[in-house]
Protein chains: 2
Amino acid sequence: MTFSLRTNLQMHAVVLDAFGGPESLTYRLQPRPKPGPGSLLVRVMAASVNPIDYKIRLNGAWTDIRPPAIIGADAAGVVEETGIGVTRFRKGDEVFYAAEISQMTPGTYAEYHVVPETLVAYKPGNLSFVEAASLPLAASTAWQALFERGHIEIGDTVLIHAGSGGVGSAAIQMAKAAGARVITTCRKSNVDLVVRLGADVAIDYRVENVVDAVRKIIGADSVDTILDTVGGPVFAQNLELVKPRGRILSITASETPLRRAYQKNIDLHLIRATRSGSLMEKIARMVGAGLLKPVVDSVYPIERTDEAHGRIETGGVRGKVVLSLESLSS
Amino acid sequence: MTFSLRTNLQMHAVVLDAFGGPESLTYRLQPRPKPGPGSLLVRVMAASVNPIDYKIRLNGAWTDIRPPAIIGADAAGVVEETGIGVTRFRKGDEVFYAAEISQMTPGTYAEYHVVPETLVAYKPGNLSFVEAASLPLAASTAWQALFERGHIEIGDTVLIHAGSGGVGSAAIQMAKAAGARVITTCRKSNVDLVVRLGADVAIDYRVENVVDAVRKIIGADSVDTILDTVGGPVFAQNLELVKPRGRILSITASETPLRRAYQKNIDLHLIRATRSGSLMEKIARMVGAGLLKPVVDSVYPIERTDEAHGRIETGGVRGKVVLSLESLSS
């Protein structure tokens, strides 16, 4: 590891220098931001990697982000400075949040990050920074999908694809806490994890035909709600498995023929998680009640963000890949 | 017109002899059906033509219907005979309904039709058979889309495509009755009709760019709910016009990229109207209250069903095209 000396006007950050492979991510000095009105300057202690991050890195032309840019949505850290008008937080508070990023709003792969206080909540006291940083975007997505859009109910049968992933591992725990029966897909090596999280049935999608397996276990047309974190060919499976008048919660932008969905009278909810401090508080309460446990696949020092991206792109992660910045603390 | 002599074991009907053009529809004698347990034999006085009818006629390979077959979903008529176990209707009752059709269940383009009593309601007394037959499937579709799936509310802005069509003309009246602001599209010659039905704004889709026109009138991202009866290129317009977290109610099986829908957090409800007697009763109550008026574009004797199909395929109809069988009554 190499450290650059920095002034108080600078910070270490990971900069996306061009759309492309992990090598497009460069660890270097950047200007340190200042918090505007209503915003916090947070000393980031940990940031997690979400699939949207590497999708932007690969080719984010569909967003308004243009390199060079700092990406990253999740953070846990300590409030360093508050902007004018901030009322709920003060210097020294430990917080976690999912940030909205854009060309004008840099992300969390950085030593310091500016965020509107409305997006922020107190970090649950029993979680480390690494654990807390693993939750925000994945848990927000799962919560909004299952509860705000999907309205799952006690006794519903819910199919959660990729149950060992970031969103999947949170969604399994949430669906179980809400009284649903959970079927999930994962690779064989992760069956132990999803069962521990509460899944009632785990299907090894690399060995079994998921449609046949689900039908064999619970019968045809028996899935009330499907959370699809994968898209593509999985979306077509969903249209076969969902019951008539059922719902599909999709967090991907699949391109798909909808005839089957029409024939079955499906509700299709396309979910791009919105960021919200009050939602983070709900997630913190779930953690406090022991109903939601972070699942951390691996921790990389932020200088090795390229390796962290490589890890998540390979697939088969067990929960979240987290970037740690704690070694940068003086 | 030519009449064939028929015995009491026969009936006149329109038979789809092959998937193809209107000439595939042949008017000829068929065996008269008998009502099974729980079903009614209805002497059909009028049947209406729905777009699904000509889509099946053109190429219904995606359904389970195979020529030769009698198609047609809507009917108004008189109960001729009741099957064992029928409790709610008796011979002589005037009824209307939307039927479910399949390879085993012939449709309503026929002098006699068998239907489960659960799908049937009493014909509103102030409507002719032709008027009553114009309503069932179109009004059921509009009702289920706007109320059961879309949950529109007072003050919502609702965009209804093809407002002068069968579903559109019912949907405009229903959305207005529920307190919504209604924007609709139609050709210039039908503006008078949609305004009379209650539309607040009518856009001539053949002259104006609908996206630009709607934005100019009510601003960007202001449409709460869109009822899309058209699909294809119109579906792409919807994704631009619907507000974030808004909803699209689609009664077509469009093939479409969903990235924009994902970015805007859209709920997409794919609606294939289910048939139900209790829903027909709700529609009859709306008619009785003066809140829903049938809109009949034209009436063809059933022997000229081919011409009726040609009329609806040409586009620009004002409400429903109805087939009359009253001249067959003795």
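These are my notebook entries on a predicted model with chains A and B.

**Conventions.** I number residues from 1 along each chain as its sequence is written, and chains are lettered from A, with ligands numbered from 1, in the order in which they are written. Since the model is predicted, I accept local features at pLDDT of at least 70 and side-chain atom pairs at pLDDT 80 or more, while totals for chains, interfaces and linings use all residues.

**Entry 1: relation of the copies.** I first looked up how chain B is placed relative to chain A. A rotation of 180° with 0.0 Å of shift along its axis superposes chain B on chain A, with RMSD 0.0 Å; the fit is by least squares on the C-alpha atoms of residues with pLDDT of at least 70 in both copies. This is the relation of a two-fold axis. I then asked which residue of chain B comes closest to the rotation axis. It is B:Leu268, whose C-alpha lies at 2.5 Å.

**Entry 2: the interface.** I counted residues as in contact if their C-beta atoms, placed from the backbone, lie within 7 Å. On that basis, 20 residues of chain B are in contact with 19 residues of chain A. On chain B, β13 (255-257), α8 (259-263) and β14 (267-270) each supply at least two residues of the side that touches chain A. Helices (H or I, at least four residues) and strands (E, at least two) are DSSP runs, numbered from the N terminus. By class, this side of chain B has 10 nonpolar, 5 polar and 5 charged residues. Here Ala, Val, Leu, Ile, Met, Phe, Trp, Tyr, Cys and Pro count as nonpolar, Asp, Glu, Lys and Arg as charged, and the others, Gly among them, as polar. I noted that 95% of the interface residues of chain B are also interface residues in chain A, so the copies meet through the same surface.

**Entry 3: strands across the interface.** Strand β14 (residues 267-270) of chain A is joined to β14(B) by 3 bridges, and the two run antiparallel; strands pair if DSSP finds at least two bridges between them. I found A:His269 opposite B:Asp267 in β14(B).

**Entry 4: domains of chain A.** Chain A is divided into domain 1 (10-135 + 294-328) and domain 2 (138-270), with bounds from an automatic or database domain assignment. Their C-alpha centres lie 28 Å apart. I recorded 9 residues of domain 1 in contact with 10 residues of domain 2. The side of domain 1 that touches domain 2 has 4 nonpolar, 3 polar and 2 charged residues.

**Entry 5: unusual backbone.** I noted that most residues other than glycine have a negative phi, and most peptide bonds are trans. A cis peptide bond joins A:Pro67 and A:Pro68, with omega about -5°, and A:Pro68 is placed in the loop between α1 (51-59) and β4 (74-82) of chain A. The bond from B:Pro67 to B:Pro68 is also cis, with omega near 0°. A:Arg245, not a glycine, has a positive phi of about 65° and lies in strand β12 (residues 242-250) of chain A. Phi of B:Asn265 is positive too, near 60°, and B:Asn265 is placed in the loop between α8 and β14 of chain B.

Note on methods: Two residues are in contact if their C-beta atoms, placed from the backbone, lie within 7 Å.
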